[in-house]
Each structure stands twice: as C-alpha cells, then as structure tokens.
Amino acid sequence: MSRISVVRDRGRDARLPGPQARLLKQINQGFTDAWWAHYHKLVEKRQDCLLSAPEHRELIRLTDQLEKREVKRLQALLKLAKLRKQSLTQLMKALRLTGLSGGTVEGGWADDLKPDDDINTIVEVITDEGLIGVGSAMTSKALVAAAVRLLRPLLIGERADEPMRVTEKLRQSTFWQGRGGAVEHAISGIDIALWDLFGKITNQPVARLLGGYYRDKIKPYGSMLFAEPESLREKLLQALARGFKAIKLGWRPFGRRDSKTDELLVRTARDTVGPDVELMVDAGGSEQFWPHGYKWALRTAKMLADYDVVWFEEALPPDDLEGFIELRRHAPVPIATGEVLTRRQSFRPFIERHAVDIIQPDCTKCGGLTESWRIGWLAYEHNIMLVPHGWNTAIGLAADLHLTAALPIARNVEFLTPSPYLDELVTEPFKPDAEGFLHTPTKPGLGIELNREALKKYGI
Ligand SMILES: [Mg+2]
C-alpha cells in the first residue's frame, strides 16, 4: 500500500467549524518517523527474503495498523469533502423578523408618526448549518411578516448563496400579489440578508462580490428634519460635533408655510455650518397631498443656489416624471429623487429620460442590494449620480457602504442622525473619521455584527 500524502490545510484550520477541524486532525494524524523506519526496514528485508518468522508476524501487524489507519483517513477525507461541499451550498432553513420601535426620529415621515411606531424591520435568514445573514427592510414588521407568509415557501430549502437569482424568483413569483410596495420592501430585507450570507459563505466582503471596489470610503451626510430656526441651529451644531462634513435638512416646516420661512431656514443653516460644510435640502414631496408644482420648485431651486446647496430633493411628488424633466433642465441646482420607487423598472424612465441629476434608490425598499446595484449601473450609463436613500438602520447603512463601494459613481451615503437604530444596533457602530468619511467594512458579508442587547431593547 502506497503512503497517502499528508493533507495540509493549515491556512483554513483556524476558521474551520469544530467537526471539520476534528476530521482534519484525523487526516493529518500520522505515524512517527521511527514507525516508518521500522516498517520500511521490514519491507526491504521481505523483498530480500531475509525476514525471520517473528519479523514476518511483526510486518503483518504493522501492515494491519497501516491499513486500518488509511481506511480511517479515507473515511475522514470523504466526510470532510462532504461537509465542505455542504458549507458551499448552504440552504435556507428559517427567517426571523424583528420590528424596531422606540427609537424612531420624532416627526419621521409625517405628523402622525410616533417614536414608538415601527417603520424598520430587521430580517435574519438562517441556513441549515446555522449561519445567519442580516438584512433590513424599511417597512413595519406586520407588513414584512405578511409578505414573508407569501414568500416563505419559495425560500425554505433554496440556496443561501445566490441572492440575485433567488430574489428575482421571489419578485417574479409574486407578481400578481406583490408588484412593488410592501412585498418588494420585504424582498429587499431578504436580499440584503442573502448578500450577507453569500459573503460569509465565500469569506468575502459584499462589495467585492458585487464586482469590486471603486472606493473604500465615502462621505456620509447627516440627515435630519428641519426645525424652527433656534432649535435648527442647535441640531446642526450637534451634527457637526458628531463629525459630519455634509448635512441634509428635510421636510417640515420647509415648503409648508411660505417662501420667506424657507429662505430663513436655509440661511440659518448656512450661517451655522459655515461655507465648507455641504448642505442639501429635501422638500419631502412624497408627503401626502403635496401642494406644490413646477413653478414653486423652480423658484425655490433658485433660492437654494444662492446658499450653495448641493442638491434639491423631492421638490415634486415622486410620480411627476414630466415635472422632474422640466425642473432638471432649468433649475440651477442638481435635482434628486427616487426614495419611494420600487423595482428597477420604476427607475428606468427617470434615468433614461434624464429627469434627475441624482437618483436615490433605497436598498431597504427598492429590491435590496441587487436592484440598487442594477439601478446604479443604469444611472452610470446615463451619466447620472447615485446617492442611496436610507431612513435607516446600521444594517441598511452597511449595505449602502458596500453598494457605493462597488459602483463607479456614488457621492454620499445617508446617515440618519441622531438615531439609536444607527448608533446602537451593531457591535461596532459607524462613525465619521476626522475627514468626515465612513469606511466600508472589510469583514466577510456586510462585515457587521448585530448587538443582540440593543435588538432586545428596540425589538418587537
Ligand atoms: Mg428624502
């Protein structure tokens, strides 16, 4: 029997799960050099017909030992191969949903949103080997749970490492019941969790799996709601103290009272942050019964240009495609929209007809990282900038960091501040560096770890 070469796989030993490590130890377990010397001496003597009767018995005993050991080694090798094959084809076994409550920014989308309302749901996808992928959907738990009832039969038993194919299957299979809306929001959370799993299974960060790094850091903008001038000043100073070099202000009372108030708010903001901090303004035109049209938007855009505002967001209702085309043509500041659109097909006319300068898909709503990435490349082909929207959790922000790292065009990521869902939900919270940049996590998957205590505190 020839000696089977020793399997060397030391580079992987440290991160092997217990059963694999034990098998590898069995495979590498060998006889001592003295044992082999003794064995070969007897084999040579046999070849020269010099074996005595006791030596012959001894050689039979050693051969028996060797055969038994090789059988064991082969069995261990087969088991290890089987285990490793399984670890590369992990299957989805269960989903866990946690709605977030108690930390919603006061005011939120609309007047009637309370801090206790849940508008974000954490989605965890668990594989048959116990690996967990984490995603985030910007929709209440009740809606995600209802969607998951529809999606679960399509998910359980599916591969956990093919996010693009699997989430397109979910989308196509729920076309009649779930086209866009809450079902797409739920698919978004699942898609992000599947990208996290894909990365963990292949031991690569999501940005690399999305095609590779165009950048490894990006400037976040502190995102907050407008307020009356005095408290607005205070909020801005706090955001600067947290290290933000770009800030977006949005919604009430801007656009809801009169143009004098609008200009006072923007002037207050510019005076407070100084000339070197980037300022963006979000009218919040996706609020119900938005009263303004093209002329208000154009007039306001001209005022914003006087204060060096970087972009004007949702100046019109989200479906006013023709209005956006006109506004983009004539406004002196870049025009942005896209946060409420779902599925890549909804973005297509805004991009192909150059209705915006900046497109803003929200990966926790529009269809996950998969759809955002497709939208990002379509935007790039049309010379349109991408800035992801995120009224977000730290999980959604991590996804945005990987997305923007893997696209040739991306300007910023949105960073809701202050927000416990950003600051507490992961064990290593994101913070701007001294230059005001966030770095894309480098660990496998999204590169984050859930803080289970915080999840318990805010979870419903
Ligand atoms: Mg917005």
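These legends go with a set of close-up views of one predicted model.

Residue numbers start from 1 in each chain and follow the sequence as written. Because the model is predicted, local features need pLDDT of at least 70 and side-chain atom pairs count only at pLDDT 80 or more, while totals for chains, interfaces and linings use all residues.

**View 1. Confidence along the chain, in pLDDT (the predictor's confidence in each residue, from 0 to 100).** The chain has a mean pLDDT of 91, with 93% of its residues at 70 or more. Residues 1-14 are another story: pLDDT is below 50 there, and the stretch has 12 contacts in the model beyond near neighbours in sequence. A contact here means two residues whose C-beta atoms, placed from the backbone, lie within 7 Å.

**View 2. Helix H5 (residues 141-155) and its bend.** Helices (H or I, at least four residues) and strands (E, at least two) are DSSP runs, numbered from the N terminus. A straight helix of 15 residues would span 21 Å at 1.5 Å a residue, but the end C-alpha atoms of H5 span only 18 Å. The expected span is 1.5 Å times one less than the number of residues. H5 bends by about 45° at Arg 149, with Pro 153 following within four residues; the bend is the angle between axes fitted to the seven residues ending there and the seven starting there. Just after H5, look for Gly 157, with a positive phi of about 90°.

**View 3. What packs over H5.** Lys 141, Val 144, Ala 147, Val 148, Leu 151 and Leu 155 of H5 are buried. Buried means 20 or more other C-beta atoms within 10 Å of the residue's own, exposed means 12 or fewer, and partly exposed is in between, with C-beta atoms placed from the backbone. The cover over these residues includes strands S1 (92-99), S2 (121-127) and S3 (132-137), along with helices H6 (163-173), H7 (175-178) and H8 (181-202).

**View 4. Where domain 2 (92-203) meets domain 3 (208-458).** Domain bounds come from an automatic or database domain assignment. The two centres, taken over C-alpha atoms, are separated by 22 Å. Domain 2 puts 36 residues into the contact and domain 3 puts in 31 residues. On the domain 2 side, S3, H6 and H8 are the elements giving two or more residues, and H8 has the largest share, 15 residues.

**View 5. Helix H8 and the loop after it.** The end C-alpha atoms of H8 are 32 Å apart, which agrees with the 32 Å its 22 residues should span at 1.5 Å a residue. Mostly covered, H8 has 19 of its 22 residues buried. Asn 203 follows H8 and has a positive phi, near 65°. Pro 205 is in the loop between H8 and helix H9 (206-209); Pro 205 counts as buried because it has 23 C-beta neighbours inside 10 Å. Setting aside neighbours within four places in sequence, its contacts include His 402, Pro 441 and Gly 447.

**View 6. Two cis peptide bonds, each leading into a proline.** Arg 252 and Pro 253 are joined with omega about 0°, and Pro 253 sits in the loop between strand S5 (246-250) and helix H11 (259-273). Thr 417 and Pro 418 are joined with omega about -5°.

**View 7. Positive phi at Asp 308 and Arg 343.** Asp 308, not a glycine, has phi of about 55°. Asp 308 is exposed because 11 other C-beta atoms lie within 10 Å. For Arg 343, phi is near 70°, and the residue is partly exposed, with 19 other C-beta atoms within 10 Å.
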